[in-house]
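Student: I should like to take a close look at one part of this model, beginning with a single side chain in the interior and working outward from there. Could you please guide me through its surroundings in one connected account?

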Amino acid sequence: MTTILYIGTWVPLIGRNFHFAPFKKFVIPLLLLLVVGFICSAINSEYVTEIKFAFAYRTLLLIVLMTFIAAHLYCKPKILPVVLNSYVASMLLVFLLVTIGEGVTIVNNRILLFGENPNIMGAKASLAFLIAISRLINNFSIKRLLLIGAVCIPLTTLVATSGSRGAFISMFLGLAVLLWYRKMGVLKKSALIIFAALASVMLIAYLLETNPIMAERFLETVEKGETGRNVLWDAAFDIISDNIIVGVGFQGVIPMMYKYSGIYLVPHNIFLYVFIAAGLPGIILFITFLVRLFKLLMVHFKKSGDSLNLVLFVIVVFNMSKQGGSIGKTLFWFFFAVLIGSTVHVLSNVKQEKLVQ
């Protein structure tokens, strides 16, 4: 409903505000990926039940939405803080509702938070945590410490409540990237990293003692190497080895996973999913999109010194690499839109500087 409302209010402004040229180097590889996937679906037509699934219509809609949002941020960059603050506020609202028992349901002996897998909610909370903590690292003060600390506590609790190992790791991985790329003196950075490491160890110890589900899942990973996705990933590699050049199509992924693993699920990794669906050409196109975006974010970081966008990129890709159906989740394409729309202007500025020189 929100998406429809957003597009409905944005479409009338497209005539004078929408520009495709700044985004084509990111959007075209994605559209070509869908074309390749459609061709693979046509070749493996026995898996296609409806034509709309052959070209991954949901992913296509999300790419279009990503482009609209990116164009909006490109035209009105001042709304970026509002967008990020609204996202953090929405996760605080989720924490409040979950705390009072709203939105918590059990389906097939599995807890769902507002109808979503807790892993997804954990990923959302970890992204909100990193957005909030970056404000403290970029501009430290006692007042900010107290305010942002009050915000981060419920977000951390929401991550712990989700029981997601990936979300838990996302918090510390993102914090490490945030500190590593933060421009400051060596001594100050070293002291901050040591402090963050000690605080992280204390937090980990506390959560593992008070959250038996999280402790058990981490113990399985450490002692047995069990990520909960081992069987799926092994099957995915076998499928890829048998279909390296031509994929099985978007709708053929689950049937092939069932054939090779006996489990009717996608491989829970965006790279494996794309490789299975669209073959070698498809994965090359998807990696092209990610590499181009990463290069843009590096240029933006060198110009601004703000590493938040790099952190968000790393955490989004990390979570897409461990969640099923991530290619069709609005969360990830929303953040791609934020990253592209808030930084693509840097390319034009760099080109202008080169012309002047």
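Tutor: Let us begin with F289, which touches F26, P29, L30, F336 and I340, leaving out residues up to four places away in sequence. Please keep in mind throughout that the model is predicted.

F289 belongs to a wider group. The largest nonpolar core of the protein has 99 residues, and F289 is listed there with M66, M91, I133, L293, F336 and I340 as having the most contacts inside it. Helix α14, which covers residues 270-304, gives the most to this core, namely 18 residues. Two of the partners of F289, F336 and I340, are thus also among the residues with the most contacts inside the core.

The setting of this core is the protein as a whole. The protein has 17 helices and two strands. Of its 357 residues, 46% are buried. Among contacts between residues at least 6 apart in sequence, 74% join residues that are at least 24 apart.

We may now turn to helix α15, residues 308-320. Its 13 residues should span 18 Å at 1.5 Å a residue, and the end C-alpha atoms are indeed 18 Å apart, which agrees. The helix is mostly covered, with 11 of its 13 residues buried. The buried residues are L308, N309, L310, V311, L312, F313, I315, V316, V317, N319 and M320. They pack against α6 (80-99), α7, α9, α14 and α16 (330-343). Helix α14, which gives the most residues to the core, is therefore one of the helices against which the buried residues of α15 pack, as the contact cut-off of 4.5 Å between heavy atoms defines it.

Another of these neighbours is α9, residues 165-180. Here 16 residues should span 22 Å at 1.5 Å a residue, and the end C-alpha atoms are 22 Å apart, in agreement. Helix α9 is also mostly covered, since 12 of its 16 residues are buried. The buried residues are R165, G166, A167, F168, S170, M171, F172, G174, L175, V177, L178 and L179. L179 lies in α9 and, at 6% relative accessibility, counts as buried. The C-alpha atoms of L179 and V311 are separated by 9.7 Å, although the two residues are 132 residues apart along the chain. V311 is one of the buried residues of α15.

Helix α7, residues 118-138, is a further neighbour of α15, and I120 lies in it. I120 is buried because its relative accessible area is 11%, below the 20% cut-off for that class. Leaving aside neighbours within four places in sequence, I120 is in contact with Q323 and K329. I120 and V159 are 39 residues apart in sequence, and their C-alpha atoms are 9.9 Å apart in space.

Helix α5, residues 57-75, offers two threonines for study. T67 lies in this helix and is buried, with a relative accessible area of 6%. Its contacts beyond four places in sequence are F18, F20 and V27. T59 also lies in α5 and counts as buried at 5% relative accessibility. T59 touches L34, I327 and W333, again not counting residues up to four places away.

Finally, let us move from the interior to the surface. The protein exposes about 18100 Å², and carbon and sulfur atoms supply 69% of that area. A nonpolar patch on the surface is formed by V35, F38, I39, I43, I51, I244, I245, V246, L280 and I284, with about 870 Å² of accessible area together. Helices α3 (24-43) and α14 each supply at least two residues of the patch. The largest share, four residues, comes from α3. I43 lies in α3 and counts as exposed because its relative accessibility is 52%, the cut-off for that class being over 50%.

Helix α14 therefore has a place in both halves of this account, since it gives the most residues to the largest nonpolar core and supplies at least two residues of the nonpolar patch on the surface, where a helix is a DSSP run of at least four residues.

Terms used:
Residues are numbered from 1 along each chain as its sequence is written. This is a predicted model: local features need pLDDT of at least 70, side-chain atom pairs count only at pLDDT 80 or more; totals for chains, interfaces and linings use all residues. Side-chain values use heavy atoms; hydrogens and water are left out. A nonpolar core is a set of buried Ala, Val, Leu, Ile, Met, Phe, Trp, Tyr and Cys residues joined through side-chain atoms within 4.5 Å. Buried means under 20% relative accessible area, exposed over 50%, partly exposed in between (1.4 Å probe, protein chains only). Patches are made of residues with over 30% relative accessible area and no salt bridge: like charges are joined within 9 Å, nonpolar side chains (Val, Leu, Ile, Met, Phe, Trp, Tyr) within 5 Å. Accessible areas come from the Shrake-Rupley method with a 1.4 Å probe; for residues, only the protein chains shown count as cover. A salt bridge is a side-chain nitrogen of Lys or Arg within 4 Å of a carboxyl oxygen of Asp or Glu. The expected span of a helix is 1.5 Å times one less than its number of residues.
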